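User: I'd like to learn how to read a protein model feature by feature. Could you walk me through one?

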Amino acid sequence: MEHYFSGRITEIAQNQGLSYQELRQQVRLWYNGYSWLGEKVYNPFSVLNYLKSADFDNFWFETGSPSFLIKILNKNVEYDFEDVEADNVMMNSFQIENLHPITLLFQTGYLTIKKRMIPTISY
């Protein structure tokens, strides 16, 4: 981001009465939340929309209607996703009519991977 957009970030920071680093921290809080095995990744769609508008918003969420997710979640009574553990069978399921809610939420970006557990084998 700094390599390509430092000029725009500086401009927005000045317009909002913030330092460059203060604005970068806010952008990080808003758009650097997707985790892939513990490494945080910026949402490029949201960052680009923010740089265009200079207003923080939930750009990614607004691109699609999550109504199909809500329907699936209402069928399954799983709402606590804080400490979910998923196995390979669950994560590799691609049959749309038989998707586990965890799989669907992960594949659509609503859940991310904190860490990967390596199974132990005992003999």
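User: Let's start small. Where is the place of N43?

Analyst: Keep in mind that this is a predicted model. To place a residue, look for the elements on either side of it. N43 is in the loop between β2 (39-41) and α3 (44-53).

User: And what does the side chain of N43 have by it, within the backbone of F45?

Analyst: For a polar side chain, look for polar atoms in reach. A polar atom of the N43 side chain lies 3.0 Å from the backbone nitrogen of F45. Then look beyond the sequence neighbours: once residues up to four places away are set aside, N43 touches Y31 and W60.

User: Okay, zooming out. How many helices and strands are there in the protein?

Analyst: Count the elements, then read their order. The protein has seven helices and two strands, and along the sequence they run α-α-β-β-α-α-α-α-α.

User: What share of the residues is buried, and what does the outside consist of?

Analyst: Of the 123 residues in the protein, 24% are buried. The exposed area comes to about 9300 Å², with carbon and sulfur atoms supplying 54% of it. You can also ask how far along the chain the contacts reach. Taking contacts between residues at least 6 apart in sequence, 49% join residues at least 24 apart.

User: Now charges. How do I read salt bridges, and how many does the whole structure have?

Analyst: The general idea is that side chains of opposite charge can pair when their charged atoms come close. A search of the whole structure turns up two salt bridges. In one of them R24 pairs with E2, and the closest N and O atoms are 3.0 Å apart. That pair links distant parts of the chain, since R24 sits in helix α2 (residues 20-31) and E2 in helix α1 (residues 2-15), 22 residues apart.

User: Are R24 and E2 buried or exposed?

Analyst: Take each partner separately. R24 has 8% relative accessibility, so it counts as buried, the cut-off being under 20%. E2 has a relative accessible area of 39%, which makes it partly exposed.

User: Which side chains meet in a salt bridge at 3.1 Å, N to O?

Analyst: Those of E11 and R8. Here the spacing is worth a look: E11 and R8 are three residues apart in helix α1, so about one helical turn separates them. E11 is partly exposed, with a relative accessible area of 39%, and R8 is partly exposed too, at 24% relative accessibility.

User: Back to the helices α1 and α2. At roughly what angle do their axes cross?

Analyst: For a helix pair, read the distance and the angle together. The axes of α1 and α2 come within 9 Å and cross at roughly 110°. Angles of 65 to 115 degrees count as roughly perpendicular, so that is how α1 and α2 are arranged. The contact is made by E2, S6, I9, T10, I12 and A13 from α1, together with Y20, L23 and R24 from α2.

User: One last stop. Where is the place of M1, and which residues is it in contact with?

Analyst: Chain ends are read like any other residue. M1 lies in the segment before α1 and is partly exposed, with a relative accessible area of 26%. Leaving aside neighbours within four places in sequence, M1 is in contact with S6, I9, R24, V27, Y42 and V47. You can check a C-alpha distance as well: M1 and L48 are 47 residues apart along the chain, and their C-alpha atoms are separated by 9.8 Å.

Notes. Residues numbered from 1 in each chain as written. Predicted model: local features only at pLDDT ≥ 70, side-chain atom pairs only at ≥ 80, totals over all residues. Heavy atoms only, no water. Helix = DSSP H or I, 4+ residues; strand = E, 2+ residues; numbered from the N terminus. Polar contact = N/O pair within 3.5 Å; in protein donor to acceptor, adjacent residues only side chain to side chain. Contact = heavy atoms within 4.5 Å. Buried < 20%, exposed > 50% of the residue type's maximum accessible area, 1.4 Å probe, protein only. Areas by Shrake-Rupley, 256 points an atom, 1.4 Å probe, with all protein chains shown as cover. Salt bridge = Lys/Arg side-chain N within 4 Å of Asp/Glu carboxyl O. Axes fitted to C-alpha atoms, helices over the stretch in contact; angles between N-to-C directions. Parallel < 35°, antiparallel > 145°, perpendicular 65-115°, else oblique.
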